[in-house]
Amino acid sequence: MNSFLLVCTIGLILAVTSCHSQHHHGHPNQNNIPRDEKVSEHRDHHRESTTWIPILKYNKEQSEDGSYKTEYETGNNIVHEETGFLKDFSDTNPNGVLVQHGQYSYQSPEGDVVNVQYTADENGFRATGDHIPTPPAIPEEIQKGLDQIYAGIKLQQERLEQRAKSDPDFAKKLEERRLANKNGQYIGPLENA
């Protein structure tokens, strides 16, 4: 009985000492490692408050074919609408390509309403809006040079296609080149192959 009382007393003393030690060295975290109270006070002092912003409108329609339409509006004047559908199911795109069209608007810090229209598909994401900078026009001389380059590429492609019609081995090489180019690889010119 005396040994039981002694063990309980020692346990109580250790518990009180531990609590007293933690009280003076900061509040413990999950791992019982004391925290630096100055850091905690600094974080609490600079913590920003958040404002609850209501969702005024939210609709989403989902079709069995994967197409959808969604729209929402928030209490701080954000409005968003989007439609999407899958297209181009093929051997090269067994899951199809997701095409998304949408628009959104919001109020800038200066008070202006910013409108953005966008499309996202196999060609990437493209956005338009009055606030988006547009590049300057291409000078006429440069455009002529680009047109000549594109015409040369088109002529070369037509020659390759013509040769592929009469040469099955070449047609196979041309198709391998197309697949490699699509995958970001470069095989090299086939004109002399």
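This short talk covers the aromatic ring pairs in this structure and two charges that sit over rings. Please keep in mind that the model is predicted.

I will start with the rings. Searching the whole structure turns up three aromatic pairs. One of them joins Tyr 104 and Tyr 106, with ring centres 6.4 Å apart. Their planes meet at 20 degrees, and the cut-off for stacking is under 30 degrees, so this pair counts as stacked. As for exposure, Tyr 104 has a relative accessibility of 30%, so Tyr 104 is classed as partly exposed. Tyr 106 is also partly exposed, with a relative accessible area of 31%.

Tyr 104 has another partner, Tyr 118. Here the centres lie 6.1 Å apart and the planes are at 50 degrees, so the pair is tilted. This pair links distant parts of the chain. Tyr 104 belongs to strand β4, residues 97-107, while Tyr 118 belongs to strand β5, residues 113-121. The two tyrosines are 14 residues apart.

Is Tyr 118 buried or exposed? Tyr 118 is buried, because its relative accessible area is 8% and the limit for buried is under 20%.

Taken together, the ring pairs form a cluster made of Tyr 104, Tyr 106, Tyr 118 and Phe 125.

Now the charges. Which ring does the charged end of Lys 60 sit over? That ring belongs to Tyr 68, and the charged end is 5.4 Å from the ring centre. In addition, Arg 163 lies over the face of Phe 170, 4.1 Å from the centre of that ring.

How values were computed
Residues are numbered from 1 along each chain as its sequence is written. This is a predicted model: local features need pLDDT of at least 70, side-chain atom pairs count only at pLDDT 80 or more; totals for chains, interfaces and linings use all residues. Side-chain values use heavy atoms; hydrogens and water are left out. Rings of Phe, Tyr and Trp (its six-membered ring) pair if their centres lie within 6.5 Å; planes under 30 degrees apart count as stacked, over 60 as edge-to-face and the rest as tilted. Buried means under 20% relative accessible area, exposed over 50%, partly exposed in between (1.4 Å probe, protein chains only). Helices (H or I, at least four residues) and strands (E, at least two) are DSSP runs, numbered from the N terminus. A charge sits over a ring if NZ of Lys or CZ of Arg is within 6 Å of the ring centre and within 35 degrees of the ring normal.
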